[in-house]
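This briefing is meant for a reader who is meeting the structure for the first time. Please keep the sequence and the model in view while reading.

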Amino acid sequence: MTTLRLRPMTDTEFAVFRGRVVRDYATEKVAAGEWAQERALPLAEMQTDSLLPDGKGTEGMSKKT
């Protein structure tokens, strides 16, 4: 049986995660015709940061069960 261990993200891991989330969200919004390409990244960054105002330290970002 394989053991699964959870741990908090490092700052570097969170930066990679955030970058991927922002980029993918912007791409989806442009593809859906909701945002213009030239505004997509700043809008995606703004929305992502509003949902995770304290980055990886945002309350509820990870939960131990």
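What follows covers the salt bridges and then the surroundings of one threonine.

The structure is a predicted model, and four salt bridges are found in it. Three of these pairs are described below, followed by the position and contacts of T58.

**Salt bridges**

- Side chains of opposite charge can pair when their charged atoms come close.
- D11 and K56 form a salt bridge in which the closest N and O atoms lie 3.2 Å apart, and this pair links distant parts of the chain, since D11 belongs to helix α1 (residues 11-31) while K56 sits in the segment after α2, 45 residues apart.
- Of these two partners, D11 counts as exposed at 57% relative accessibility, whereas K56, at 36%, counts as partly exposed.
- E13 is paired with R7 in a salt bridge whose closest N and O atoms are 2.7 Å apart; E13 is partly exposed, with a relative accessible area of 30%, and R7 is exposed, with a relative accessible area of 56%.
- E34 and K29 also meet through their side chains in a salt bridge, at 2.5 Å from N to O, and K29 is buried, because its relative accessible area of 16% falls under 20%.

**Surroundings of T58**

- T58 lies in the segment after α2 (37-51), and T58 counts as buried because its relative accessibility is 11%, which is under 20%.
- The side chain of T58 reaches the backbone oxygen of G55 at 2.8 Å.
- When residues up to four places away in sequence are not counted, T58 touches L51, L52 and P53.

How values were computed:
Residues are numbered from 1 along each chain as its sequence is written. This is a predicted model: local features need pLDDT of at least 70, side-chain atom pairs count only at pLDDT 80 or more; totals for chains, interfaces and linings use all residues. Side-chain values use heavy atoms; hydrogens and water are left out. Helices (H or I, at least four residues) and strands (E, at least two) are DSSP runs, numbered from the N terminus. Buried means under 20% relative accessible area, exposed over 50%, partly exposed in between (1.4 Å probe, protein chains only). A polar contact is a pair of N or O atoms within 3.5 Å; within protein, one must be able to donate a hydrogen and the other to accept it, and residues adjacent in sequence count only if both atoms are side-chain atoms. Contact means heavy atoms within 4.5 Å.
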